[in-house]
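Welcome, and please open your viewer. We will go from stop to stop, selecting a few residues each time and looking at what surrounds them.

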Amino acid sequence: LARAYGTLFVERGRHRQIPEVNRQMAQQMASAGVVVLFPEGTTGDGTRLQRFHTSHFAAPATLLANHPHTQAVFVAPVAVAYTRQGGLPLGRTGRAAVAWYGDTEFVPHLLDLVRGGKTTCRISFLPMTPFYRGTNRKTVARQAAIAIQAAFRSEIMSSGDERATSYVHSNRQVV
């Protein structure tokens, strides 16, 4: 499924792949405009944000170097937090049970997740940061990590009130 959506896979420890993957990311941004980066480089137990790896934050610099007419690339941080399951707030143990990480096999995990009842996932789209020529990738990564951490903490520490939910019906209609 991931391959069908054009996922670029990076083997951990193969640092020589990074420039080529960044070139491919820049090419994707230039043609489609959107690339999703998971800067933690792995999955976690859903209880905290892990360290960001900043090497792929250089992809915007690659795009800007190859496209002189492009003035900036916008980095849009997104926070994802699982907050409720079966109508009850998730604590540390509950979030770890919902997350798919480590050596957990996918199908048994998915079945357990479905059996657990409705799971609420809060996705926070945060303010974008412009990436210009000369922008430091580590600074942008740090700013994104700080914003995501704050949004994540806000979601998991909230009172747990259910908010209205939107579902996309088609590309023209949101209910």
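## First stop: Gly-41

Select Gly-41, which counts as partly exposed because its relative accessibility is 39%. Before you go on, keep in mind that this is a predicted model. Gly-41 belongs to the loop between H1 and H2. Leaving out residues up to four places away in sequence, Gly-41 touches Arg-12 and His-53. Now add Thr-119 to your selection. It is 78 residues from Gly-41 along the chain, and the C-alpha atoms of the two are separated by 24 Å.

## Two more residues of the loop

Move on to Thr-54, which also has its place in the loop between H1 and H2. Is Thr-54 buried or exposed? Its relative accessibility is 18%, so Thr-54 counts as buried; the cut-off for buried is under 20%. Show side chains here, and you can find a polar contact of 2.5 Å between the side chains of Thr-54 and Arg-137. Apart from neighbours within four places in sequence, Thr-54 is in contact with Arg-137, Lys-138 and Ala-141.

Next, select His-56, again in the loop between H1 and H2. With 13% relative accessibility, His-56 counts as buried. Which side chain does the side chain of His-56 meet in a polar contact of 2.6 Å? Select Asn-22 to see that partner. The residues that His-56 touches, not counting those up to four places away in sequence, are Val-10, Ile-18, Val-21, Asn-22, Met-25 and Leu-37.

## Along helix H1

Several of those names lead us to H1, so select residues 18-32. This helix has 15 residues, which at 1.5 Å a residue should span 21 Å; the C-alpha atoms at its ends are 21 Å apart, in agreement. Now colour Ile-18, Val-21, Asn-22, Met-25, Ala-26 and Met-29, the buried residues of H1. Look down the axis: they cover an arc of only 140°, which puts them on the same side of H1. What do the buried residues of H1 pack against? Show helix H2 (59-66) and strand E1 (73-75) to see these partners. Just after H1, stop at Gly-33, which takes a positive phi of about 90°.

## Across to helix H2

Keep H2 on screen and colour Ala-59, Pro-60, Leu-63 and Leu-64, its buried residues. Around the axis they cover an arc of only 140°, so they are on the same side of H2. The buried residues of H2 pack against H1 and E1, and also against strand E5 (129-131).

## The sheet

Now display the open sheet of 3 strands, whose order is E3-E2-E4 and whose pairing is antiparallel. E3 and E4 are the edge strands, each pairing on one side only. Add helix H5 (residues 137-157), which packs on the sheet and touches E2 and E4. The direction of H5 makes about 15° with that of E2.

Zoom in on E2 (residues 78-85) and E4 (residues 119-125). How many bridges pair these strands? There are 7, in the antiparallel sense. To follow the pairing, select Val-78, which stands opposite Phe-125 in E4, and then Ala-79, whose bridge partner in E4 is Ser-124.

On the other side of your selection, bring in E3 (residues 88-89), which runs antiparallel to E2 and is joined to it by 2 bridges. Here Arg-84 has Pro-89 in E3 as its bridge partner. The hairpin of E2 and E3 has 2 residues between the strands, and in it Gly-86 takes a positive phi near 60°.

## Last stop: the two faces of E4

In a regular strand, side chains alternate between the two faces of the sheet. Try two colours on E4. Give one to its covered face, Thr-120, Arg-122 and Ser-124, and the other to its uncovered face, Thr-119, Cys-121, Ile-123 and Phe-125. You have met some of these residues before: Thr-119 in the distance from Gly-41, Ser-124 as the bridge partner of Ala-79, and Phe-125 opposite Val-78.

Note on methods. Residues numbered from 1 in each chain as written. Predicted model: local features only at pLDDT ≥ 70, side-chain atom pairs only at ≥ 80, totals over all residues. Heavy atoms only, no water. Pairing = 2+ DSSP bridges. Helix = DSSP H or I, 4+ residues; strand = E, 2+ residues; numbered from the N terminus. Expected span 1.5 Å × (residues − 1). Buried < 20%, exposed > 50% of the residue type's maximum accessible area, 1.4 Å probe, protein only. Arc of directions from axis to C-beta. Contact = heavy atoms within 4.5 Å. Axes fitted to C-alpha atoms, helices over the stretch in contact; angles between N-to-C directions. Polar contact = N/O pair within 3.5 Å; in protein donor to acceptor, adjacent residues only side chain to side chain.
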